[in-house]
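Q: I'd like to learn how to read features off a model like this one. Can you walk me through it, step by step?

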Amino acid sequence: MRATPLKSDLERDQYRFYEGVEYKHFWDGLKRSKLDELEHAIVRELLPVSGRRIIDVGCGYGRLADCYLNRFPQVVMVDASMSLLRQAAERVKDRAIYVAADVNHMPFRAAAFDTVLMVRVFHHIPDSQACLAQLHRMLCSNGTLAFTYCNKRNAQRAMKWLAGRTTENPFSAEPAGVGSTVISHHPKAVHRMLLEADFTNLRSYGAGVFDWLAGKLGPLGKWIPPGKRLAGWLGRSKIAPWIFCGAVAQNRPDLIDAAGLEDLLQCPLCGDHLSHNEQGFECLGCKKYYPVEDGIIDLRV
């Protein structure tokens, strides 16, 4: 099993450094299982009870698939890691379409989805505003966005700074950790970026507190609840390490009709239409060819 690196050229690799990582083992143990339970509960709360077409951006090995498979007849699972997508396909089978893609070059037409889910990805993206604009473009009118970010202003970081144990000011607006694989954002900066990207009806939930406490208590930690009842308050107060956001896309066209997969896709390089054959997809404009491997469409640039 390969560990996730702390440093990476994110401008080049995005979150492709998960290639070959057994990410499911990250969730082993009491502490992470508590966090996993809470994140499932929050995602179920943020997603609409039903819809037509959802995309899970950075789906990994399909950890959160059980939150949406029974709510949407059309499911697209996207990751930059082929190894993780293979694991997702083993779990979800033919209930989803699997696409390898880079988040800043998404190969989908405008208004292709009524729901976008993106969990534990935003903190890997150097150009946060461009990422939100890309997600807004893919959503239809009043489409739902549910995503997470690493909270720079969480209580633990604030206390360390006030105690003089770190020089990184958690109250400043600029992102922290730029150049590493974990970039944290100030809640006010994320709120501003969402509004600039034309999202409204913002909701927040907090995670990463009760699982931390459970880990500190050892065997007694199994009695600590995941923290769902206080997740809303932790989100509104912005003191939790991880913030889950829900938002609604404004000023978008209606959801596009799609008779087949080709109607959803576009070339991630030039934006032109793709033609499909048994081996893959070819762009009608720039003639770039995108293969299909193990049932996964490789549309990475």
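Q: Which residue is the bridge partner of F281 in β11?
A: Y290 is the one that pairs with F281. Keep in mind as we go that this is a predicted model. The pairing belongs to a set of three bridges that join β10 to strand β11, residues 289–293, in the antiparallel sense.

Q: And what sits between β10 and β11?
A: Five residues, so to speak the link of a hairpin. One residue to look at in that turn is K287, with a positive phi of about 70 degrees. Note that K287 is a residue other than glycine.

Q: What does β10 pair with on the β9 side?
A: Strand β9, residues 274–276, is joined to strand β10, residues 280–283, by three bridges, and the two run antiparallel. Within that pairing, S275 stands opposite E282. Here the hairpin connection is made through three residues.

Q: Where else does a positive phi turn up, for instance at K93?
A: K93 has phi near 65 degrees, and K93 too is something other than glycine. You'll find K93 in the loop between α3 and β3 (97–100). As for cover, the cut-off for exposed is over 50% relative accessible area. K93 has 53%, so K93 counts as exposed.

Q: Now strands again. How do side chains sit along a regular strand?
A: The general idea is that they alternate between the two faces of the sheet. Strand β8 shows how to apply that: W242, F244, G246 and V248 point one way, while I243, C245, A247 and A249 point the other way.

Q: Are the residues of β8 buried or exposed?
A: Buried, which here takes a relative accessible area under 20%. Eight of the eight residues in β8 (residues 242–249) are buried, so the strand is largely enclosed by the rest of the structure.

Q: Which strands pair with β8?
A: Strand β5, residues 139–151, is joined to β8 by seven bridges, running antiparallel. To find your place in that pairing, look for Y149, whose bridge partner in β8 is I243. Strand β7, residues 199–207, also pairs with β8 in the antiparallel sense, over seven bridges. A handy marker there is F199, which stands opposite A249.

Q: On to charges. How many salt bridges does a search of the whole structure find?
A: Nine. When you read one, ask how close the atoms are, which parts of the chain are linked, and how covered each partner is. Try D66 and R44, whose side chains meet at 2.8 Å, N to O. The pair links distant parts of the chain, with D66 in the loop between β1 (53–57) and β2 (74–79) and R44 in helix α2 (residues 30–46), 22 residues apart. D66 is partly exposed at 42% relative accessibility, and R44 is partly exposed at 34%.

Q: What about R86 and D294?
A: Their side chains form a salt bridge at 2.9 Å, N to O. R86 lies in helix α3 (residues 82–92) and D294 in the loop between β11 and β12 (296–298), so the pair ties together parts that are 208 residues apart in sequence. R86 is partly exposed, at 29%, whereas D294 is exposed, at 57%.

Q: Are D298 and R300 buried or exposed?
A: D298 is buried with a relative accessible area of 16%, and R300 is buried with 17%. The two side chains meet in a salt bridge of 2.9 Å, N to O.

Q: Which residues make up a network of salt bridges?
A: D36, E39, R63 and R120 are linked that way.

Q: Last topic, surface patches. Which residues gather in a patch of positive charge?
A: K31, K160, R165 and K216. Take R165 as the example: R165 is in the loop between α5 (155–162) and β6 (184–185). With 64% relative accessibility, R165 counts as exposed.

Q: And which residues make a nonpolar surface patch?
A: W212, L213, L217, L220 and W223, covering about 550 Å². L217 is found in the loop between α7 (210–216) and α8 (228–237). At 37% relative accessibility, L217 counts as partly exposed.

Conventions: Residues are numbered from 1 along each chain as its sequence is written. This is a predicted model: local features need pLDDT of at least 70, side-chain atom pairs count only at pLDDT 80 or more; totals for chains, interfaces and linings use all residues. Side-chain values use heavy atoms; hydrogens and water are left out. Patches are made of residues with over 30% relative accessible area and no salt bridge: like charges are joined within 9 Å, nonpolar side chains (Val, Leu, Ile, Met, Phe, Trp, Tyr) within 5 Å. Accessible areas come from the Shrake-Rupley method with a 1.4 Å probe; for residues, only the protein chains shown count as cover. A salt bridge is a side-chain nitrogen of Lys or Arg within 4 Å of a carboxyl oxygen of Asp or Glu. Lys and Arg count as positive and Asp and Glu as negative; His and the chain ends are not counted. The place of a charge is taken as NZ of Lys, CZ of Arg, CG of Asp or CD of Glu. Helices (H or I, at least four residues) and strands (E, at least two) are DSSP runs, numbered from the N terminus. Buried means under 20% relative accessible area, exposed over 50%, partly exposed in between (1.4 Å probe, protein chains only). Two strands pair if DSSP finds at least two bridges between them.
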